[in-house]
Amino acid sequence: MQKEIVYSEKAPEPGPYSQAIKYGNLVFVSGQTSDDPVTHQPIKDSVASQTERILTHIKYILAAAGSGLDKVLKVNVYLSEWEHKQEMNTVYRKFFPHDPPARIAMAVKGLDAGLDVEIDCIAGC
């Protein structure tokens, strides 16, 4: 097997990393934040809005890999404060309404650009 770089113009431009890597029947999506794909600037609004934007970016990246949210196996959610978990979950449930993937959510210090949410995932193809 050979790794394949996955890229979607609808998601933020990556830094020194790929938006995702497809390897065999798996897609590894890099951590996504609520950066605007056009201006490349972080959008520091509510946790709900950041989560919505991030999961939409992930949806576009997965589509570029020939996958989708329904094929997500594992999600890692990073929050700037544990108190944001409930607000994030409210939006998260809209993207994974049935048979949600395995997941860990954790509060971490120092998310990129002072944002409140970052999410990465692994999906099947």
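Of the 125 residues of the protein, 44% count as buried in this structure, which is a predicted model. The secondary structure comes to two helices and six strands, and when the chain is read along its sequence these elements follow the pattern β-β-β-α-β-α-β-β. The radius of gyration is 14 Å, close to the 14 Å that the globule rule gives for 125 residues, so the protein is as compact as a globular protein of that length. Taken along the principal axes, the C-alpha atoms fill a box of roughly 40 × 35 × 20 Å.

Among the buried residues are two aromatic ones, tyrosine 92 and phenylalanine 96. A pair of aromatic rings is described by the distance of the centres and the angle of the planes. The structure holds one aromatic pair, and it is formed by tyrosine 92 and phenylalanine 96, whose rings are tilted, with 4.8 Å from centre to centre and 45° between the planes. Tyrosine 92 also has a charged neighbour, since arginine 103 lies over the face of its ring, at 4.6 Å from the ring centre.

At the surface, attention turns to phenylalanine 28, whose place is in strand E3, the run of residues 26-32. Phenylalanine 28 counts as partly exposed because its relative accessibility is 34%, a value that falls between the limits of 20% for buried and 50% for exposed residues. Together with Met1, Tyr23, Leu26 and Leu73, Phe28 makes a nonpolar surface patch of about 500 Å².

Note on methods. Residues numbered from 1 in each chain as written. Predicted model: local features only at pLDDT ≥ 70, side-chain atom pairs only at ≥ 80, totals over all residues. Heavy atoms only, no water. Patch = residues over 30% accessible without salt bridge, like charges linked within 9 Å, V, L, I, M, F, W, Y side chains within 5 Å. Areas by Shrake-Rupley, 256 points an atom, 1.4 Å probe, with all protein chains shown as cover. Salt bridge = Lys/Arg side-chain N within 4 Å of Asp/Glu carboxyl O. Helix = DSSP H or I, 4+ residues; strand = E, 2+ residues; numbered from the N terminus. Buried < 20%, exposed > 50% of the residue type's maximum accessible area, 1.4 Å probe, protein only. Phe/Tyr/Trp six-rings, centres within 6.5 Å; stacked < 30°, edge-to-face > 60°. Lys NZ or Arg CZ within 6 Å of the ring centre and 35° of its normal. Rg over C-alpha atoms; globule rule 2.2 N^0.38 Å.
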